[in-house]
Amino acid sequence: MPQTFDVILSGGTLVNQDGEGLRDVGLRDGKIAAIGGLSRASAGETIDCTGLHILPGVVDSQVHFREPGLSHKEDLESGSRSAVLGGVTGVFEMPNTTPLTTGEAELADKVARGTDRMHCDFAFWVGGTHQNAKHAAELERLPGAAGVKVFMGSSTGSLLVADDEGIAQVLAHTRRRAAFHSEDEYRLNERKDLRVEGDPRSHPVWRDVETALRSTQRLLKIAREKRALIHVLHVTTAEEIELLSHHKDLASVEVTPNHLTLDASAYERIGTLAQMNPPVREAHHRDALWEGLRQGVVDVIGSDHAPHTLEEKAQPYPKSPSGMTGVQTLVPLLLNAVNNGKLTLARFVDLTSAGPLRVFGMAGKGRIAKGYDADFTVVDMKRREVIRNEWIASRACWTPFDGAEVTGWPVGTFVRGARVMWEGELVTPSRGKPIRFQQAL
């Protein structure tokens, strides 16, 4: 008897744990039901993917979608729209909203806001603080929680945990992998003499690489003492990459497309639009990130999508806020790197889907395999496009990569079997749901 599916993706080049090859994929009830030659099967809809690559759905594990509190910059709907237009099927959103996401009620509110309103699936980081550290084990297991995220620097209020005792208290209670923005706040405060009005390169974190290295050294020491797993976000320096390569038993590593693509010359070209935290650094640090990626030190790519309006960014430094859009440009920038020979397509998949599965323990996502969620990023590896501000769906309406020509482009985004984006258009109403995690089932 012929097999019957809801949808068949036919004729595409599938990239999964078996490698790369021409294979059809049959979808049923939002799951992957069969992989292989399905020419004799029937389906409610057959989508011709000839000439396209079908990748596991890309997950961006670090975004700031600003809701609640700062929705003039972004909200969950607009941020997730930007995500799926860029080929991203799932996001982990950060806790520095207003109110801060530090408790069960704030997390539940975000989950309710995102459900069936966001265009992609989602999870939310819970901010680790001095006040809630003893509850970390409960908070990280709540529905929709990506885990606990700690700001060691560059934050304010209760989200700032700059002291060793506070970090140790959080890690004493976490059971899942905790994420860290690793900056030495004490060192930042000591180096305010480096600030020069109007020039973002004068920010102490840009000039003082020791800030990043010293804080990561502290973090690794505490994590080892507490026998805790940690995830170091947006690593930017050659020194950190070398240090972290010796601690892979407990530390996973993220880098951003911004730090892989831009260098300090961007400050001359686009000014404060290049300002983010941690900063875009000199070219030799960027090159070291690529080497860390090639050597397997880097586990995942996260965009650190952190939008601000053009009016806000136009203020002279240090009044200008740090952050830039990124979730929509993650896939094309990395596909362009594949076409330029800087990484393989298999490594792209490892960094953007298999990596998040391995590091964070997503349940039913991150692989193209029977029984998994039917999340796909469908791309045209030969398509040439120019990234333009007009394409960006974020409320910020700009990208630091405006005018950049890339080869490799997202054509389709599937979330749990639904074709959400196709050829630059949203084709399915928003139906986002919380991502589940194996250690929280």
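**Figure 1. Thr216 sits in helix H7, which covers residues 209-226.** This is a predicted model, as are the views that follow. Is Thr216 buried or exposed? With a relative accessibility of 0%, it counts as buried, because the cut-off for that label is under 20%. The Thr216 side chain has a polar atom 3.0 Å from the backbone oxygen of Ala212. On the general point of helix geometry, an α-helix has 3.6 residues a turn, so residues three or four places apart point the same way. The side chain of Thr216 also makes a polar contact with the side chain of Glu240, at 3.1 Å. Once residues up to four places away in sequence are set aside, Thr216 touches Ser182, Glu240, Leu243 and Leu244.

**Figure 2. Phe92 has its place in strand S9, residues 88-93.** Here too the relative accessible area is 0%, so Phe92 is buried. Which residue has its C-alpha atom 4.5 Å from that of Phe92? It's Ser61, which is 31 residues apart from Phe92 along the chain. Ser61 also turns up in the contact list of Phe92, together with Val59, Asp60, Gln62 and Val63. That list leaves aside neighbours within four places in sequence, and it goes on to include Ala123, Trp125 and Ala146. Phe360, Met362, Ile435 and Phe437 are in contact with Phe92 as well.

**Figure 3. Helix H13, residues 330-339, is mostly covered.** How many of the 10 residues in H13 are buried? The count is nine. Reading along the helix, the buried ones are Leu330, Val331, Pro332, Leu333, Leu334, Leu335, Asn336, Ala337 and Val338. After H13 comes Gly341, and its phi is positive, near 80°.

**Figure 4. Asp375 is in the loop between helix H14 (345-360) and strand S16 (376-386).** Don't let the loop address fool you: Asp375 counts as buried, at 6% relative accessibility. What does the Asp375 side chain reach at 2.7 Å? The partner is the backbone nitrogen of Arg416. Arg416 is also one of the residues in contact with Asp375 when neighbours within four places in sequence are left aside, and so are Phe414 and Val415. The other contacts of Asp375 are Leu55, Pro56, Gly57, Thr89 and Lys365.

**Figure 5. Cis peptide bonds lead into Pro68 and Pro278.** Look for Pro68 in the loop between strand S8 (58-63) and helix H1 (76-85). The bond that joins Glu67 to Pro68 is cis, and its omega is near 5°. Pro278 belongs to the loop between helix H10 (266-270) and helix H11 (283-294). In that loop, the peptide bond from Asn277 to Pro278 is cis, with omega near 0°.

**Figure 6. Asp116 and Glu423 have positive phi without being glycines.** For Asp116, phi is about 60°. Where is Asp116? Its place is the loop between helix H2 (104-114) and strand S10 (121-127). Asp116 has a relative accessible area of 42%, so it is partly exposed. Glu423 has a phi of about 50° and is found in the loop between strand S18 (418-422) and strand S19 (425-426). At 43% relative accessibility, Glu423 counts as partly exposed too.

**Figure 7. Stepping back, the protein has 14 helices and 19 strands.** Why can it be called as compact as a globular protein of that length? The radius of gyration is 21 Å, close to the 22 Å that the globule rule gives for 441 residues, so the description fits. Along the principal axes, the C-alpha atoms fill a box of roughly 75 × 45 × 40 Å. Buried residues make up 63% of the protein. Take the contacts with a separation of 6 or more: 72% of them are between residues 24 or more positions apart. As for the surface, the protein exposes about 16,200 Å², with carbon and sulfur atoms supplying 49% of it. Finally, there are 51 positive and 57 negative charges, and their mean positions are 3 Å apart.

Note on methods. Residues are numbered from 1 along each chain as its sequence is written. This is a predicted model: local features need pLDDT of at least 70, side-chain atom pairs count only at pLDDT 80 or more; totals for chains, interfaces and linings use all residues. Side-chain values use heavy atoms; hydrogens and water are left out. Helices (H or I, at least four residues) and strands (E, at least two) are DSSP runs, numbered from the N terminus. The radius of gyration is taken over C-alpha atoms; the globule rule is 2.2 Å times the number of residues to the power 0.38. Buried means under 20% relative accessible area, exposed over 50%, partly exposed in between (1.4 Å probe, protein chains only). Contact means heavy atoms within 4.5 Å. Accessible areas come from the Shrake-Rupley method with a 1.4 Å probe; for residues, only the protein chains shown count as cover. Lys and Arg count as positive and Asp and Glu as negative; His and the chain ends are not counted. The place of a charge is taken as NZ of Lys, CZ of Arg, CG of Asp or CD of Glu. A polar contact is a pair of N or O atoms within 3.5 Å; within protein, one must be able to donate a hydrogen and the other to accept it, and residues adjacent in sequence count only if both atoms are side-chain atoms.
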